[in-house]
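Thanks for coming. I have one structure to go through today, so let me put it on the screen.

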Amino acid sequence: MATKIKKKTIKQTKKNSVSPFNIYWDKKNYYLLILGLLITIAGFYFMTIGPWDSTASLVISPILLFIAYVIIFPLSIFLRKKSEKEQAPNMGRQENESDPGQS
């Protein structure tokens, strides 16, 4: 005949989800992202100054935009903090290399 269906409560189905940005992004990542945004805004500002063939529009602006887009934004994305597992082997190796004569 008919079987009873168990009703799931909200407490059973709700899972605590952690944002992936909390795991990988640190304060320095956010600082680099804000720095990249500020340099990008400065680059576009220099692009609008004066006539189209001015030094600010043709030299300074492309340099600032290149630095922001090619260096700072990728750094802010790919730079990550080292985990404890990565730091522990390096610390042990440094101690052994500093005292090679002792056993």
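One cut-off before the residues: I call a residue buried under 20% relative accessible area, exposed over 50%, and partly exposed in between. Y30 has a relative accessible area of 38%, so Y30 is partly exposed. W25 comes out at 17%, so W25 counts as buried. Please keep in mind that this is a predicted model.

I mention those two residues together for a reason. The structure holds three aromatic pairs. In one of them, the ring centres of W25 and Y30 lie 5.2 Å apart, and the planes meet at 55°; planes over 60 degrees apart would count as edge-to-face and planes under 30 degrees as stacked, so this pair is tilted.

Now to helix α4. This helix covers residues 55-78, which is 24 residues. What span should we expect for α4 at 1.5 Å a residue? The expected span is 1.5 Å times one less than the number of residues, so for α4 we get 34 Å. The end C-alpha atoms are 33 Å apart, which agrees with that. There is a bend in α4 all the same, about 30° at A68.

Which residues of α4 are buried? They are A56, S57, S61, L65, A68, I72, F73 and S76. What do they pack against? The buried residues of α4 pack against α3, residues 27-48.

I will take one residue from each side of that packing. On the α3 side there is T40. Its relative accessible area is 8%, and the limit for buried is 20%, so T40 is buried. The T40 side chain reaches the backbone oxygen of G36 at 2.7 Å. Setting aside residues up to four places away in sequence, T40 touches L65, A68, Y69 and F73.

On the α4 side there is F73. With a relative accessible area of 16%, F73 also falls under the 20% limit, so F73 is buried. Outside its neighbours within four places in sequence, F73 is in contact with L33, G36, L37, T40 and A68. How far from F73 is L37, in sequence and in space? The two are 36 residues apart in sequence, while their C-alpha atoms are 8.5 Å apart.

To put the pieces side by side: A68 is where α4 bends, A68 is among the buried residues of α4, and A68 is touched by T40 and in contact with F73. That is what I have.

How values were computed: Residues numbered from 1 in each chain as written. Predicted model: local features only at pLDDT ≥ 70, side-chain atom pairs only at ≥ 80, totals over all residues. Heavy atoms only, no water. Helix = DSSP H or I, 4+ residues; strand = E, 2+ residues; numbered from the N terminus. Bend = angle between axes of the 7 residues up to and from the residue. Buried < 20%, exposed > 50% of the residue type's maximum accessible area, 1.4 Å probe, protein only. Contact = heavy atoms within 4.5 Å. Phe/Tyr/Trp six-rings, centres within 6.5 Å; stacked < 30°, edge-to-face > 60°. Polar contact = N/O pair within 3.5 Å; in protein donor to acceptor, adjacent residues only side chain to side chain.
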